[in-house]
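Me: I am new to this structure and would like a friendly tour. Could you show it to me, and then take my questions one at a time?

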Amino acid sequence: MIYVANHPEKFSSDEQYEVGLKLIKLLIDTCKIKVEAYGLENIPEKDGFYLCANHQEKFDPLAIWYTFPRKIGVILDDKATHRPFIREICLLIKSQKLLRKDIRSTINSNRAITEDLSSGINYMIFPEGGYELEEKSLGEFHAGSFKSPMRAHCPIVPVCIVDSYCIFDNGYKTTKPIQIHYLKPIMPEEYEGLKTQELAMLVKKRIQEVHDLYQK
């Protein structure tokens with residue numbers, strides 16, 4: 001992993017992604033963490049869509065990669081990308097870092113994300129921007145997270161994550177599987193005319209409806 005991450009010129013983007021994905025699956029299988037996916041039929045056939053999920057644990061991006069059938073990048077706060085393993089994964093798999101206190105950097109990142117989406121690259125993001133291990137409820141979805149997909153006029157796929165906060169209970173020995181629910185995409189014509197805050201509320205509402213059904 002480290003060798004491939006440090007020598008990107010020797011490997012294609014597909015080869016780098018494959019190495020990262022194999023390591024993610026090895027980690028999850030070795031730890032015997034159960035991850036179940038629902039609604040895979042809702043994933044758009046055409047690439048260039050924006051996947052928005054609620055956030056319960058630092059493990060969440062790995063759970064999505066584990067279940068996702070195609071290539072997808074990730075948008076993370078810069079602080080998260082310096083954690084061991086996540087740092088290398090972000091070098092192997094397409095990622096965009098957000099320096100939230102640096103306005104110029106944020107503008108440049110949003111511009112790059114918009115261009116990537118328009119060119120057919122998929123991204124996942126966690127619009128809450130953080131998580132609370134003791135809280136099962138959804139936090140505020142930040143409106144700024146929706147500027148890029150609105151500019152790219154791409155489908156937005158809401159994703160509801162259930163019970164990922166349990167994985168560190170009793171040393172990974174929780175019997176609860178992590179549930180990843182891929183919901184029907186919100187198409188550009190559905191959110192046309194909405195403000196970013198209104199779109200953020202719409203995506204949260206779709207996720208909240210499923211969250212309330214399964215998160216006990």
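**A first look around**

Me: Before anything else, what share of the 216 residues in the protein chain is buried?
Reply: Happy to help! This is a predicted model, where local features need pLDDT of at least 70, side-chain atom pairs count only at pLDDT 80 or more, and totals for chains, interfaces and linings use all residues. Residues are numbered from 1 along each chain as its sequence is written, and side-chain values use heavy atoms, with hydrogens and water left out. Buried means under 20% relative accessible area, exposed over 50% and partly exposed in between, with a 1.4 Å probe and protein chains only; of the 216 residues, the buried share is 48%.

Me: How many helices and strands are there in the protein chain?
Reply: Both are DSSP runs numbered from the N terminus: helices are H or I with at least four residues, and strands are E with at least two. Counted that way, the protein chain has 8 helices and 7 strands.

Me: What radius of gyration does the protein chain have?
Reply: The radius is taken over C-alpha atoms, and the globule rule is 2.2 Å times the number of residues to the power 0.38. For 216 residues, a compact globule would be near 17 Å, and the chain agrees with this, at 17 Å.

Me: Is strand β3 largely enclosed or not, and how many of its residues are buried?
Reply: Strand β3 covers residues 73–77. It is largely enclosed by the rest of the structure, because the buried residues number 4 of the 5.

Me: Which residue is the bridge partner of V74 in β5?
Reply: Two strands pair if DSSP finds at least two bridges between them. Strands β3 and β5 (residues 123–125) run parallel and are joined by 2 bridges. In β5, the partner of V74 is M124.

Me: And which residue is the bridge partner of L76 in β4?
Reply: Strand β4 spans residues 95–98 and runs parallel to β3, with 4 bridges joining them. The β4 partner of L76 is K97.

Me: Which residues does S145 touch, not counting those up to four places away in sequence?
Reply: S145 sits in the loop between β5 and α6 (147–152). It is buried, with a relative accessible area of 9%. Taking contact as heavy atoms within 4.5 Å, S145 touches Y50, I125 and P127.

Me: How far apart are the C-alpha atoms of V162 and V203?
Reply: V162 lies in strand β6 (residues 156–162) and counts as buried at 0% relative accessibility. Along the chain, V162 and V203 are 41 residues apart, and their C-alpha atoms are separated by 16 Å.
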